[in-house]
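Hello,

I am handing over the structure we talked about, placed just below. My notes on what was found in it follow.

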Amino acid sequence: MLVEFGDTRVLCTASVEARVPAFLKGQAQGWVTAEYGMLPRATHTRGDREASRGRQGGRTHEIQRLIGRALRSVVDLRALGERTIQIDCDVIQADGGTRTAAITGAFVALCDAVAWMRERSMLAAEPVREAVAAVSVGIVAGVPLLDLDYAEDSGCDTDMNVVMTASGGLVELQGTAEGLPFSEQQLQALLALARHGIAGLIQAQKAALAAAA
C-alpha cells in the first residue's frame, strides 16, 4: 500500500505471524504492532540508516508506538486469535506529516491482512471495528491549515497531529505551540479542520480497499 500526502510517500505492508509477544501467550488474543523507518534519501539531505548506528532513535520509537496504538484502538484483538499482524511503514519521501500518512496507510494494509485471513477461514469474528486515520493541522501566520508540508510545519505558530476514528472518536492528539500559546477557540477550529480532513481520508481508504477487493 503506497500512501501519498502531497509530496510525502509512505509504503505500508502487513504480515501475519502465528505468534504473539511473550506477555500475551496463553491469553487467547492477538496483537497488532508496527515498525517505522525512513530511507536515507527520504528527506532533503541524506540521513544515516538507523541500523548503521546500531539502534533506533527516540523519534522512531515514538512514531511506531503511535501507529500501533492507533491501529489497536479499532481492532478486537481477541478475534485475531494468538496471531500478530505486523505493519511495516517505510518512508520513501518526506515532506511533513510522515506519521499521519503512515497511520492512514497502515490501516489499509491492516485491512488487507484481515481480508487474507478471512479468505483462509482464520477468523471466528470480524476484528476491525471501524476505520482510523490521521492528519496534521496547524496555525501558520494566524491561519488554520490542513496537512502541513515541511515549510509550513517548520514555520508554524501551532502544530498538531490528530488521530481519529470513522465515528469521530479521538485516539490521540499531539499539539504544541511553537510560539505564542493557542486558545481553546483555535483548538476547536483545528479539531474541526482535522475532522473534515480525516473524513476525506477515510473515504480514500474505503476506495482503495474496494479497488483491491
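β7 and β8 make a hairpin in which four residues separate the strands. Gly168, in the turn, has a positive phi of about 95°. Please keep in mind throughout that this is a predicted model. The strands of this hairpin, β7 and β8 (residues 170-177), run antiparallel and are joined by seven bridges. One of the residue pairs is Val162 with Leu173, its bridge partner in β8.

On to the other pairings of this region. β7 (residues 158-165) also pairs with β5, in the antiparallel sense and over eight bridges. Here Val163 of β7 is the bridge partner of Ala134. β5 in turn is joined to β6 (residues 143-146) by four bridges, and these two strands run antiparallel as well. Within that pairing, Ile139 stands opposite Pro144 of β6. β5 and β6 form a hairpin too, with two residues between the strands, and Ala141 takes a positive phi near 55° there.

How many of the residues of strand β5 are buried? Nine of the nine in β5 (residues 132-140) are buried, so the strand is mostly covered, taking buried as under 20% relative accessible area. This holds for both faces. One side carries Val132, Ala134, Ser136, Gly138 and Val140, the other Ala133, Val135, Val137 and Ile139.

Some of these residues meet helix α3, where Thr100 lies. Leaving aside residues up to four places away in sequence, Thr100 touches Ala134, Val135 and Ser136, as well as Phe5 and Asn161. Why is Thr100 counted as buried? Its relative accessibility is 1%, and the cut-off for buried is under 20%. A polar atom of the Thr100 side chain lies 2.9 Å from the backbone oxygen of Gly97.

Helix α3 (residues 98-119) lies across β1, β2 (8-17), β3 and β4, and runs at about 35° to β2. There is an open sheet of four strands in the order β1-β2-β4-β3, and its pairing is mixed. β1 (2-5) and β3 (31-38) are the edge strands: each has a single partner strand, so one side of each has no neighbour in the sheet. On average, neighbouring strands of this sheet are turned by 25° against each other, direction ignored. β3 and β4 (residues 84-93) run parallel and are joined by eight bridges; in this pairing Met38 stands opposite Val91 of β4.

Next, the aromatic rings. A search of the whole structure gives one aromatic pair. The pair is formed by Phe23 and Trp31, with 5.4 Å from centre to centre and 85° between the planes. Is this pair stacked or edge-to-face? It is edge-to-face, because planes over 60 degrees apart are classed that way. Trp31 has a relative accessible area of 18% and is buried, the cut-off being under 20%.

Last, a residue in another helix. Thr60 is found in α2 (residues 58-72) and counts as buried at 6% relative accessibility. From Thr60 to Ala194 the separation is 134 residues in sequence and 24 Å in space, C-alpha to C-alpha.

Regards

Conventions. Residues are numbered from 1 along each chain as its sequence is written. This is a predicted model: local features need pLDDT of at least 70, side-chain atom pairs count only at pLDDT 80 or more; totals for chains, interfaces and linings use all residues. Side-chain values use heavy atoms; hydrogens and water are left out. Buried means under 20% relative accessible area, exposed over 50%, partly exposed in between (1.4 Å probe, protein chains only). Two strands pair if DSSP finds at least two bridges between them. Rings of Phe, Tyr and Trp (its six-membered ring) pair if their centres lie within 6.5 Å; planes under 30 degrees apart count as stacked, over 60 as edge-to-face and the rest as tilted. Axes are lines fitted to C-alpha atoms, for helices over the stretch in contact, and angles run from 0 to 180 degrees between N-to-C directions. Contact means heavy atoms within 4.5 Å. A polar contact is a pair of N or O atoms within 3.5 Å; within protein, one must be able to donate a hydrogen and the other to accept it, and residues adjacent in sequence count only if both atoms are side-chain atoms.
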